[in-house]
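Here is a short briefing on one sheet and the helices beside it. Keep the structure open as you read.

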Amino acid sequence: MLTFAINVARDAGGILVDRLGRALQVSNKGDIDLVTEADLATEQLIIERIRSHYPRHSILAEESGASENSSGNPESEWKWIIDPLDGTTNYAHGYPCFCVSIGLERAGKLELGVVYDPLRNEMFAAERGQGATLNERPIRVSAVAELNQALLCTGFPYNVRERPDFTRDFSNFTMKAQAVRRDGSAALDLAYVACGRFDGFWEDGLNPWDLAAGVLLIEEAGGKVSDFEGAPLDIYSPRVLATNGLVHQSMMAVIRG
């Protein structure tokens with residue numbers, strides 16, 4: 001199944017690269033939340049491949065929502081969780097930071113995940129109990145232990161005006177960490193934590209398709225993922241704190257104020 005997910009993500013990424021920079025049809029799902037024809041085309045490819053190879057599996061996709069399996073049983077233990085284009089706003093503006101994210105749950109437990117950056121040809125992949133890789137080479141989280149030496153990343157929630165805690169946390173982390181980045185693709189941010197480029201990530205307002213693949217990447221690379229209170233993460237909860245494990249408590253203390 002991991003090889004299948006890798007191949008599908010690579011093909012979906014090819015569509016994104018092929019259409020990048022063209023005049024795209026862009027529509028709004030919300031005040032500032034975009035969807036492009038590239039989102040829809042890549043999602044259609046991924047869903048068609050899954051239905052062809054695993055017709056009894058259910059699917060949760062960003063643009064299409066939830067889909068029952070072909071047998072009509074919504075309780076399938078297998079669920080594919082896909083984001084065909086994570087970083088749509090970046091993509092629509094030609095900013096080269098976006099990816100394809102595909103995760104797979106079995107009975108509510110993440111079993112595999114891939115995050116593919118087609119511009120850099122970087123394929124992050126993980127399977128439960130088998131570790132995480134970048135282009136087939138093993139990856140590990142960083143060894144940074146002090147928050148003031150940590151490079152952190154975050155994302156701005158679409159309803160940031162309704163989340164006053166975000167500006168407080170962003171300000172505090174900017175003062176306490178070595179640096180903070182915001183690139184606009186949560187799945188890539190999580191993959192970067194997994195391979196040690198970032199030491200920690202936090203965001204409030206995420207969806208399961210933003211998280212599924214990246215969470216497993218971090219866990220399999222030796223990192224830690226939780227909610228803001230330190231409880232085990234439910235990917236259907238919007239608040240995520242993901243780190244190399246060494247700065248986790250320090251980041252949690254900042255969030256708690």
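The points below go from the whole sheet to its strand pairs and then to its helices. The model is predicted. Five strands make up an open sheet, and their pairing is mixed. In general, the strands of a sheet pair through backbone hydrogen bonds, either parallel or antiparallel.

**The sheet as a whole**
- The strand order is β12-β11-β13-β15-β14.
- Strands β12 and β14 are the edge strands, and each of them pairs on one side only. Strand β14 covers residues 224-226.
- On average, neighbouring strands of this sheet are turned by 15 degrees against each other, direction ignored.

**Strand β11 and its partners**
- Strand β11 spans residues 151-154, and β12 spans residues 179-181. These two strands run parallel and share three bridges.
- Find Leu152: Val180 in β12 stands opposite this residue.
- Strand β11 also pairs with β13, residues 200-204. This pairing is parallel too, over three bridges.
- Cys153 has Phe201 in β13 as its bridge partner.
- Thr154 is bridged to Trp202 in β13.

**Helices on the sheet**
- Which strands does helix α6 touch? Helix α6, residues 208-220, packs on the sheet and touches β14 and β15 (239-243). The direction of α6 makes about 140 degrees with that of β14.
- Helix α7, residues 248-256, packs on the sheet as well. This helix touches β11, β13, β14 and β15. The direction of α7 makes about 145 degrees with that of β15.

How values were computed: Residues are numbered from 1 along each chain as its sequence is written. This is a predicted model: local features need pLDDT of at least 70, side-chain atom pairs count only at pLDDT 80 or more; totals for chains, interfaces and linings use all residues. Side-chain values use heavy atoms; hydrogens and water are left out. Two strands pair if DSSP finds at least two bridges between them. Helices (H or I, at least four residues) and strands (E, at least two) are DSSP runs, numbered from the N terminus. Axes are lines fitted to C-alpha atoms, for helices over the stretch in contact, and angles run from 0 to 180 degrees between N-to-C directions. Contact means heavy atoms within 4.5 Å.
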